[in-house]
Amino acid sequence: MTLRRLAAWFWGMAAILAMLLTIVDLQALDTGWYDDWYRHSDLAERLDVPEESLEEAMSMMLEYVRGDRSTMDGSLAGIGEVYNAREKAHMKDVRHLYEQAMAAKYTAWTIVGLGVVIAGWKKAWKTLALGYLQAGLCWLFLLAFLGLWAATGFTDFWTHFHELFFNNDLWLLDPATDFMIRICPESLFFDLVIRIVLEITAVAVTGGVVSWLVLRSGRR
């Protein structure tokens, strides 16, 4: 593989990573999606708390992760003080992970932009398209593996995810004492992860189709 093709493959990897992290950002912090999930699952009724309080509790968490609020302190009707010290400490770790992911996202998009500029300057669209397709195959195998793992053994998948990205056990919450785990059941994260995998697959495949058309065209 020439240096030029290696650079194009690296660009393709960065492009799909940028799209993945953008989708994670949009979907994982979409308050409306959680509200709809709560309504369809009747979780508020099962927890015996007002639906508005349940939705506001999730909003507090998402706003904290986004950096729109400085703390997770607060009490709500039917719940009282929403989050305890352990939950707040874990969400501090989650917020730090989110900040790192967003830094990686902006870096990846910068690489994508530079690659497009250079390809336009060098008239190397086919090289870029081939690099995307080659990178896409790598991502396809990875996403297929992760999607199959999540679909067939989500508890194991979710446990390994936390062990990989967190260096403590604060994520191990107790439903008897920690409200967060009660409003974030495993089934919620299962639906979210599958949604993200399906969306990035659709977007990446669309990019693959465009790349294939570029290769089939008469352009360099």
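**Helix packing and salt bridges**

Mentor: This model is predicted. In it, helix 7 and helix 9 are roughly perpendicular to each other.

Trainee: Why are helix 7 and helix 9 called roughly perpendicular?

Mentor: Helix 7 (residues 154–165) and helix 9 (residues 186–216) pack at about 85°. Angles of 65 to 115 degrees count as roughly perpendicular, so the pair earns the term. Their axes are 11 Å apart.

Trainee: Which residues make the contact?

Mentor: Helix 7 brings Phe-154, Thr-155, Phe-157 and Trp-158. Helix 9 brings Glu-186, Phe-189, Phe-190 and Val-193. These residues divide into 6 nonpolar, 1 polar and 1 charged.

Trainee: Ser-211 is in helix 9 too. How do you know whether Ser-211 is buried or exposed?

Mentor: Its relative accessible area is 8%. Buried means under 20%, so Ser-211 is buried. Beyond its neighbours within four places in sequence, Ser-211 contacts Ala-129, Tyr-132 and Leu-133.

Trainee: What makes Asp-25 and Lys-105 a salt bridge?

Mentor: Their side chains meet at 3.2 Å, N to O. The cut-off is within 4 Å, so the pair qualifies. Asp-25 lies in helix 1 and Lys-105 in helix 5, 80 residues apart. Asp-25 is buried at 16%, and Lys-105 is buried at 8%.

Trainee: Why is Asp-68 called exposed, but Arg-66 partly exposed?

Mentor: Exposed means over 50%. Asp-68 has 54% relative accessibility, so the word exposed fits. Arg-66 has 31%. That value falls between 20% and 50%, so Arg-66 is partly exposed. Their side chains also meet in a salt bridge, 3.0 Å from N to O.

Notes. Residues are numbered from 1 along each chain as its sequence is written. This is a predicted model: local features need pLDDT of at least 70, side-chain atom pairs count only at pLDDT 80 or more; totals for chains, interfaces and linings use all residues. Side-chain values use heavy atoms; hydrogens and water are left out. Axes are lines fitted to C-alpha atoms, for helices over the stretch in contact, and angles run from 0 to 180 degrees between N-to-C directions. Helices (H or I, at least four residues) and strands (E, at least two) are DSSP runs, numbered from the N terminus. Angles under 35 degrees count as roughly parallel, over 145 as roughly antiparallel, 65 to 115 as roughly perpendicular and the rest as oblique. Contact means heavy atoms within 4.5 Å. Ala, Val, Leu, Ile, Met, Phe, Trp, Tyr, Cys and Pro count as nonpolar, Asp, Glu, Lys and Arg as charged, and the others, Gly among them, as polar. Buried means under 20% relative accessible area, exposed over 50%, partly exposed in between (1.4 Å probe, protein chains only).
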